[in-house]
Amino acid sequence: MRLYSTLQRTKVELPAPPGPIRMYFCGPTVYQRIHIGNARPFVVSMWLRRWLEQRGYDVTLVENVTDINDKIYLAAPGDSARLAADASQWYVEDTDLLGLGRPDHEPKATETVPEIVELIDELVSRELAYPAGGDVYFRVASFPDYGALSGRVDADGVRNPSEEQEPSELKEDPRDFALWKGNKEGEDTWWESPWGRGRPGWHIECSAMAEKLLGPVFEIHGGGLDLVFPHHENEIAQSRGAGREFAKLWMHNGMLRLAGEKMSKSVGNIVSLRDAVEQWGRETVLLFFMTAHWSKPMDFSDETMAQAHAQVETLRNALLSGGGVHSLRTDEVEWNEFEKVLDDDFNTPRALAILHEWRSGGLYDLLRRGLDLFGLSSLTEEEAEAPTDLVALAQEREDARKVRDFDKADRLRAKIEEGGFEVRDEPEGPRLVRKP
């Protein structure tokens, strides 16, 4: 299997099964409900774990929760600990709505402070970092490969990324970044360290959490494209500066765009994951993520979600109308083609196209097998029997439609939907199907 790596700028071959394959994906900074764009790395990592396991790999997936961060202090001055705890729980609740299960480990920065302090101390002893006024900074100039991931270079072709976005007079070099930050007025959480009371910087948290759970070297590091610089660039500098090989392959998923702009909590142009699931249904959200390659940007809109919903209904209807009879054809050649497109950089749009080919060809056994991989097995479930009161409402609605009392018919449809079922008008009469 091959995956595109930002670091090597080409597709990189994974080791042969069983591997192991150890994966670390950057999770959210928790200070409010996550938006649907935040869910993309979660979905990609959970799908990839499923596929690798199906291909015979021994997989460990770690996805962290950043619960120490400047954004949390700013969002809840004097009450950041409560907000971080609440928002961490919201994140779990909201991603659980997708029905994909949980990563193997979900470490929090607050639970990893001893390991973070130990790693910073090692960097200081190697003279790759220096204390200054209660802070500790990483010396970017001491790491010659800095900039290799992001590819930022100056006019002479020398790697020289822009200044770190945290200005401080304490820095030796504007590019240097904080590993430890001294406690400031109004910050209600802190930890003791050799450099005084304070808390970790953002970048060092992931280096420590990854090493704690996956060891000094692992196969895949993932996250959003917006993390390439400075976050992931700084992770590489810290960990490799401390003598660890760290991640071999770097996956960066494309951003979700709303009205042409990157979806961002700081900008405010967001749609929460919970709202998206409640409006469109879990299956539609998952299928929407399949429609673009994981490394490419996606446009989120009512139109693109309606298109995804239409595909969901097409697949569901095919299985409900013809899926009760299992296909006699279980062609391994067909499945091998499916394997090829996913083994080649996990190409979900092409995989989705194959699912539709199987649908139109009546290959329902293969279709069920493929849908299950992406958490869409609910489309293959047998119809649940509707309660008798809803059946009666459906018949009353049909009678209203016959006399063209469409207002009454709409009211009755709404009552049926409140009961958890949808009405589907078919030539032989109305059919009740459990809502997704």
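Which residues have the most contacts inside the largest nonpolar core? The legends below start from that core.

**View 1. The largest nonpolar core of the predicted model.** This core has 71 residues, and those with the most contacts inside it are I220, F289, F338, F346 and F374. A nonpolar core is here a set of buried Ala, Val, Leu, Ile, Met, Phe, Trp, Tyr and Cys residues joined through side-chain atoms within 4.5 Å; buried means under 20% relative accessible area, exposed over 50%, and partly exposed in between, with a 1.4 Å probe and protein chains only. Helix α1 (residues 39-54) supplies the largest share of this core, nine residues, where helices (H or I, at least four residues) and strands (E, at least two) are DSSP runs numbered from the N terminus. The structure is a predicted model, in which local features need pLDDT of at least 70 and side-chain atom pairs count only at pLDDT 80 or more, while totals for chains, interfaces and linings use all residues. Residues are numbered from 1 along each chain as its sequence is written, and side-chain values use heavy atoms, with hydrogens and water left out.

**View 2. The surroundings of F346, and a second core.** Leaving aside residues up to four places away in sequence, F346 touches M1, R2, L3, W47, L48, W51, H293, W294, V341 and F374, a contact being heavy atoms within 4.5 Å. A second, separate core of 42 residues includes V62, Y146, W180 and W195. In soluble globular proteins, nonpolar side chains tend to be buried together.

**View 3. The cysteines C26 and C206.** A search of the whole structure finds zero disulfides, a disulfide being a pair of cysteine sulfur atoms within 2.5 Å. The sulfur of C26 has its closest cysteine sulfur in C206, at 3.8 Å, which is too far for a bond. C26 is buried, with a relative accessible area of 5%, and C206 also counts as buried, at 0% relative accessibility.

**View 4. The open sheet of four strands and helix α4.** The strands follow the order β5-β6-β7-β8 with antiparallel pairing, and two strands are taken to pair if DSSP finds at least two bridges between them. The edge strands, each pairing on one side only, are β5 and β8 (198-200). Direction ignored, neighbouring strands of this sheet are turned by 20 degrees against each other on average; axes are lines fitted to C-alpha atoms, for helices over the stretch in contact, and angles run from 0 to 180 degrees between N-to-C directions. Strand β6 (residues 135-138) and strand β7 (residues 177-182) pair in the antiparallel sense over three bridges, and the bridge partner of Y137 in β7 is A178. Helix α4 lies across β5, β6, β7 and β8, and runs at about 120 degrees to β7.

**View 5. Cis peptide bonds at P18 and P230.** The bond from P17 to P18 is cis, with omega near 10 degrees, and P18 is found in the loop between β2 (10-13) and β3 (21-25). The bond from F229 to P230 is likewise cis, with omega near 5 degrees, but P230 has its place in helix α6 (residues 228-241).

**View 6. Positive phi at R9 and E127.** Most residues other than glycine have a negative phi, and most peptide bonds are trans. R9, which is not a glycine, has a positive phi of about 60 degrees; R9 lies in the loop between β1 (2-5) and β2 and is partly exposed, with a relative accessible area of 41%. E127 has a phi near 65 degrees, is found in the loop between α4 (113-125) and β5 (129-132), and is exposed, with a relative accessible area of 59%.
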